[in-house]
Amino acid sequence: MRDAAAPAFFSAASPRDYFSLLKPRVMTLVIFTALVGLVAAPGAMDAGLGAAALLAIAIGAGASGALNMWWDADIDAVMARTACRPIPRGLIDRSSAGAFGVVLSVFSVVLLWLASNALAAGLLAFTIFFYVVVYSMLLKRSTPQNIVIGGAAGALPPVVGWAAATGSVSTEALLFFLIIFLWTPAHFWALALFREGDYARAGVPMMPVVKGEKETRRQIFAYAALTAAAGVSPAVFGGAGALYGASAATLGASFLYFAWRVLTGAAADKKPARKLFAFSILYLFALFAALLVDALIRHA
């Protein structure tokens with residue numbers, strides 16, 4: 001049992017508590033999309049340096065999560081979805097979480113610079129800055145477009161991976177960015193539809209809280225359509241083959257189907273939104289898995 005009277009810096013926080021600050025589920029998606037960017041890039045990167053670059057990107061993603069929890073500790077405490085995070089539970093104090101995030105941020109950027117190049121390191125530093133300062137501090141509590149603009153941070157990992165391998169950014173890497181950028185609003189607004197009370201209590205102006213469910217459903221469908229179109233763009237512009245194109249078209253049609261169910265469902269029925277949220281995660285993993293397979297075939 002933890003000693004509540006102990007000073008914060010002598011807290012009995014375990015490694016598992018600190019690991020949870022990194023948002024490991026989000027890290028998984030970041031690592032995977034960065035891996036796809038790294039593998040899909042032309043040329044061959046040394047395996048050891050590639051692994052170090054991927055580790056640096058993962059640490060940078062975790063650092064962003066820790067700094068986000070440091071900043072958002074007050075609203076995390078009043079939201080059911082986030083109340084079990086380490087800071088609201090009193091397992092880690094805010095200052096320790098903030099210091100942890102800063103140290104990891106600096107370490108990740110330096111490691112990526114040493115393992116690859118200055119462009120990749122600069123992009124990683126910008127990603128961390130954008131997520132923590134632009135999204136978390138400036139946008140999240142001030143505009144219902146928070147997740148639209150802030151989604152750029154989550155869309156950058158494959159670009160960072162591509163830059164780590166090549167020292168440049170190409171059209172293909174920007175298409176990977178576009179897919180995730182357009183996917184983000186539909187994904188998070190689906191969550192916001194069945195967690196609207198959470199966001200309202202916390203004072204976060206998510207789309208359903210500010211514009212209402214009807215408008216949110218319309219915008220979810222619009223972004224799902226844009227995502228489906230962006231999903232096939234690597235095949236259209238020659239960055240992926242026909243097998244990927246067929247996979248992307250099938251996944252995109254499925255994404256649109258779930259979004260259509262949200263658009264046309266009864267206002268009180270939250271099941272379509274829950275199903276869309278769950279499928280959206282599967283969609284992005286499957287789409288980037290198809291990109292990875294395509295890249296491995298093309299580079300064989």
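# Exercises on aromatic pairs and overall form

A search of the whole structure finds 15 aromatic pairs (rings of Phe, Tyr and Trp, the latter by its six-membered ring, with centres within 6.5 Å). The model is predicted: local features need pLDDT of at least 70, side-chain atom pairs count only at pLDDT 80 or more, and totals for chains, interfaces and linings use all residues. Residues are numbered from 1 along each chain as its sequence is written, and side-chain values use heavy atoms, with hydrogens and water left out.

**Exercise 1.** Classify the pair of Tyr131 and Tyr135, and place it in the chain.

Step 1. Planes under 30 degrees apart count as stacked, over 60 as edge-to-face and the rest as tilted. The centres of Tyr131 and Tyr135 are 5.6 Å apart and the planes stand at 25°, so the pair is stacked.

Step 2. Both residues belong to helix 6 (residues 118-139), four residues apart, so about one helical turn separates them. Helices here are DSSP runs (H or I, at least four residues), and strands are E runs of at least two, numbered from the N terminus.

Step 3. Tyr135 has a relative accessible area of 8% and is buried (under 20%; exposed is over 50%, partly exposed in between; 1.4 Å probe, protein chains only).

**Exercise 2.** Classify the pair of Phe255 and Tyr283, and state which helices it ties together.

Step 1. The ring centres of Phe255 and Tyr283 are 4.8 Å apart with planes at 25°, so this pair is stacked.

Step 2. Phe255 lies in helix 13 (residues 242-264) and Tyr283 in helix 14 (residues 271-299), so the pair ties together parts 28 residues apart in sequence.

Step 3. Phe255 is buried at 0% relative accessible area, and Tyr283 is buried at 0% as well.

Step 4. Ring pairs link Phe255 and Tyr283 with Tyr257, Phe258 and Phe279 into a cluster.

**Exercise 3.** Describe the chain as a whole by its elements, radius of gyration and contacts.

Step 1. The chain has 14 helices and zero strands.

Step 2. For 300 residues, a compact globule would have a radius of gyration near 19 Å, and the chain agrees with 20 Å (taken over C-alpha atoms; the rule is 2.2 Å times the number of residues to the power 0.38).

Step 3. Of the 300 residues, 51% are buried.

Step 4. Among contacts (heavy atoms within 4.5 Å) with a separation of 6 or more, 74% join residues 24 or more positions apart.
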